[in-house]
Amino acid sequence: SSLGVIGNIIWFLFAGIWLALGHVFSAIACFVSIIGIPFGLQHLKLAAISLFPIGQTIVDKEVAAAARKYNAEQTLNQMRG
């Protein structure tokens with residue numbers, strides 16, 4: 001909605017860009033060691049989420065996999081007619 005867009009713009013200007021930069025720098029620091037690489041990848045995911053958080057939903061892996069499977073089946077059924 002338009003309020004979400006306005007909220008995301010305000011968030012981006014005042015907090016989002018700074019949080020994202022912090023997560024990117026943390027990711028770079030984590031990538032220095034082999035043990036830190038998984039943590040660095042998570043920091044990059046958090047950086048993307050912190051830019052425009054309004055309207056995003058975070059779900060478990062299982063829920064996301066079930067949703068992808070359901071959408072793929074629906075698309076396949078539409079193609080078949």
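Modeller: A residue counts as buried when its relative accessible area is under 20%. The model here is predicted, and by that cut-off 14% of the 81 residues of the chain are buried.

Colleague: How many helices and how many strands does the chain have?

Modeller: There are three helices and zero strands. Read from the N terminus on, the order of elements is α-α-α.

Colleague: Is the chain compact or spread out?

Modeller: Compare its radius of gyration with what the globule rule gives for the number of residues. For 81 residues the rule gives 12 Å, and the chain has 17 Å, well over that value, so the chain is more spread out than a compact globule. Along the principal axes, the C-alpha atoms fill a box of roughly 50 × 40 × 20 Å.

Colleague: What does the accessible surface come to, and which atoms does it belong to?

Modeller: The total is about 6500 Å², with 72% of it belonging to carbon and sulfur atoms.

Colleague: Now a single residue. Where is I54 placed?

Modeller: I54 sits in the loop that runs between α2 (37-51) and α3 (61-80).

Colleague: Why is I54 called partly exposed?

Modeller: Partly exposed is the class between under 20% and over 50%. I54 has a relative accessible area of 43%, so it belongs there.

Colleague: Which residues does I54 touch, leaving out those up to four places away in sequence?

Modeller: I54 touches G4, G7 and N8. G4 is 50 residues from I54 along the chain, and their C-alpha atoms are separated by 6.1 Å. For the chain, among contacts with a separation of 6 or more, 50% come from residues 24 or more positions apart.

Notes:
Residues are numbered from 1 along each chain as its sequence is written. This is a predicted model: local features need pLDDT of at least 70, side-chain atom pairs count only at pLDDT 80 or more; totals for chains, interfaces and linings use all residues. Side-chain values use heavy atoms; hydrogens and water are left out. Helices (H or I, at least four residues) and strands (E, at least two) are DSSP runs, numbered from the N terminus. Buried means under 20% relative accessible area, exposed over 50%, partly exposed in between (1.4 Å probe, protein chains only). Contact means heavy atoms within 4.5 Å. The radius of gyration is taken over C-alpha atoms; the globule rule is 2.2 Å times the number of residues to the power 0.38. Accessible areas come from the Shrake-Rupley method with a 1.4 Å probe; for residues, only the protein chains shown count as cover.
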